[in-house]
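Open the model in your viewer and keep the sequence panel at hand. We will go from one selection to the next, pausing at each stop to see what is there.

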Amino acid sequence: MSMKTHPAARVVDLEQAPMPAAPGMDRKARKAQSARAQKVRRLKQLIGGTAFLALLAAGWLYPLMGYFIPVCMVLGIGLAIFRGRSWCDWLCPRGSFEDALLARISPHRPIPQVFRAAPLRVGVLAFLMTVLTIQIIRLWPDPWAIGGFFILLLSITTVVGVALGLIFHQRTWCYICPIATMSNWVGKNQRPLLMTVERCTGCNLCARACPMQLSPVALKEQSSMAHRGDCLKCSLCVGNCPTAALTFQENHPDTQAA
Ligand code: SF4
Ligand code: SF4
């Protein structure tokens with residue numbers, strides 16, 4: 001299937017390729033479309049983020065609500081197999097909370113590299129999964145107690161996420177979240193971001209728009225973006241690029257023709 005082409009190969013191809021046909025709308029129209037899309041995303045995230053806080057509070061009264069956590073895990077990782085980390089954009093309630101609410105009080109400092117590196121991510125994943133497994137075995141077969149433990153775990157990790165957001169950046173937690181780490185593994189090569197290098201002016205607006213502090217502009221020089229498995233497929237870089245240099249693989253003219 002054409003969508004399976006490795007991102008590195010695609011970008012090398014693009015460097016040799018003729019300039020694709022100009023986008024179907026002018027810059028003003030694209031800007032307006034991007035503004036509309038961002039408004040919708042903000043609204044969805046505000047609803048998702050508020051629902052997350054309500055759910056967390058309700059979970060302390062009704063522990064069975066804690067089962068939405070394994071549901072989120074299955075949905076997030078399942079979606080990642082086909083769409084990369086799309087779940088983490090605005091479908092994840094905690095991710096929505098971070099972008100819609102925590103971002104308002106976060107200092108937006110650079111996320112330290114240690115959070116992006118495998119040792120810490122695998123360590124956090126292994127630790128949380130071990131604790132979870134031990135507790136489920138210990139509390140089995142009491143569904144209320146197990147649900148309550150899910151809520152406790154969600155509360156603790158949310159406090160950690162908020163602290164990281166207040167120290168560094170609202171999405172810092174999204175590098176060490178277990179769903180993120182597993183989604184990165186299974187969805188790394190899905191929906192890669194491609195650049196038409198002839199169009200890129202190096203303005204860096206794409207990197208400035210990225211909620212994960214990734215650098216799509218690096219595709220101008222490199223065959224693939226560092227930490228591409230952590231791209232949320234949010235399209236903010238695509239929409240903010242003034243020259244329409246960025247697209248996802250499925251929207252690229254060469255891919256459509258293939
Ligand atoms: S916003 Fe577009 S033109 Fe500017 S650096 Fe990024 S890809 Fe290049
Ligand atoms: S690289 Fe682009 S699509 Fe991916 S998370 Fe950053 S802004 Fe969103």
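The tour starts with the whole chain, then visits helices, cores, ligands and a few backbone details.

**Stop 1: the whole chain**

Please keep in mind throughout that this is a predicted model. Colour the chain by pLDDT to begin: the average is 89, and 88% of the residues score at least 70. Now select residues 1-22, where pLDDT stays under 50. The model has 33 contacts beyond four places in sequence for this stretch.

Switch to a cartoon view and you can count 11 helices and 2 strands. Read from the N terminus, their order is α-α-α-α-α-α-α-α-β-α-α-β-α. Of the 258 residues, 35% count as buried. Among contacts with a separation of 6 or more, 77% join residues 24 or more positions apart.

**Stop 2: helix 5 and its surroundings**

Select residues 93-100, which form helix 5. Are its residues buried or exposed? Pro93, Arg94, Gly95, Ser96, Phe97, Glu98, Asp99 and Ala100 are buried. Since that makes 8 of the 8 residues, helix 5 is largely enclosed by the rest of the structure. To see what its buried residues pack against, show helix 2 (27-61), helix 4 (87-91) and helix 7 (143-167).

Stay here and pick tryptophan 90, which sits in helix 4. This tryptophan counts as buried because it has 23 C-beta neighbours inside 10 Å, and the threshold for buried is 20 or more. Which residues does tryptophan 90 contact once its neighbours within four places in sequence are left aside? They are Arg41, Lys44, Gln45, Gly48, Gly95 and Ser96; you will recognise Gly95 and Ser96 from helix 5. You can also draw a C-alpha to C-alpha distance from tryptophan 90 to leucine 43: it comes to 9.8 Å, across 47 residues of sequence.

**Stop 3: the nonpolar cores**

Next, select Cys174, Cys237 and Leu246. In the largest nonpolar core, which has 33 residues, these three touch the most other members. The elements giving two or more residues to this core are helix 3 (68-83), helix 4, helix 8 (178-187), strand 1 (193-195) and helix 10 (236-240). Try colouring by domain as well: domain 1 (40-186) and domain 2 (191-258) each supply at least three residues to this core.

Zoom in on cysteine 237. Beyond four places in sequence, it is in contact with Cys206, Ala209, Cys210, Pro216 and Leu246. Then move to a second, separate core of 6 residues, including Phe149, Phe150, Ile151 and Leu154.

**Stop 4: the two ligands**

Select ligand 1 and show what lies around it. Of its 14 surrounding residues, the closest are Cys200, Cys203, Cys206, Val217 and Cys241. This shell holds 10 nonpolar and 4 polar residues, and no charged ones. Cys206 has already appeared on the tour, as a contact of cysteine 237.

Now do the same for ligand 2. It too has 14 residues around it, with Cys210, Cys231, Leu232, Cys234 and Cys237 coming nearest. Here the shell divides into 12 nonpolar, 1 polar and 1 charged. Cys237 is thus a residue to highlight twice: among the nearest to ligand 2, and among those touching the most other members of the largest core.

**Stop 5: backbone details**

Go to proline 141, in the loop between helix 6 (118-139) and helix 7. The peptide bond leading to it from tryptophan 140 is cis, with omega near 5°.

Two residues that are not glycines have positive phi angles. For lysine 233, phi is about 60°; look for it in the loop between helix 9 (205-209) and helix 10. Lysine 233 counts as partly exposed because it has 19 C-beta neighbours inside 10 Å. For alanine 244, phi is about 55°, and its place is the loop between helix 10 and strand 2 (246-248). With 17 other C-beta atoms within 10 Å, alanine 244 is partly exposed.

Finish at serine 224, which also lies in the loop between helix 9 and helix 10. Serine 224 counts as buried, with 20 C-beta neighbours inside 10 Å. From serine 224 to leucine 193, the C-alpha to C-alpha distance is 8.5 Å, with their positions 31 residues apart in sequence.

Technical notes. Residues are numbered from 1 along each chain as its sequence is written. Chains are lettered from A and ligands numbered from 1 in the order in which they are written. This is a predicted model: local features need pLDDT of at least 70, side-chain atom pairs count only at pLDDT 80 or more; totals for chains, interfaces and linings use all residues. A residue is buried if 20 or more other C-beta atoms lie within 10 Å of its own, exposed if 12 or fewer, and partly exposed in between; C-beta atoms are placed from the backbone. Helices (H or I, at least four residues) and strands (E, at least two) are DSSP runs, numbered from the N terminus. Two residues are in contact if their C-beta atoms, placed from the backbone, lie within 7 Å. A residue is near a molecule or strand if its C-beta atom, placed from the backbone, lies within 6 Å of it. Ala, Val, Leu, Ile, Met, Phe, Trp, Tyr, Cys and Pro count as nonpolar, Asp, Glu, Lys and Arg as charged, and the others, Gly among them, as polar. A nonpolar core is a set of buried Ala, Val, Leu, Ile, Met, Phe, Trp, Tyr and Cys residues joined through C-beta atoms within 7 Å. Domain bounds come from an automatic or database domain assignment. pLDDT is the predictor's confidence in each residue, from 0 to 100.
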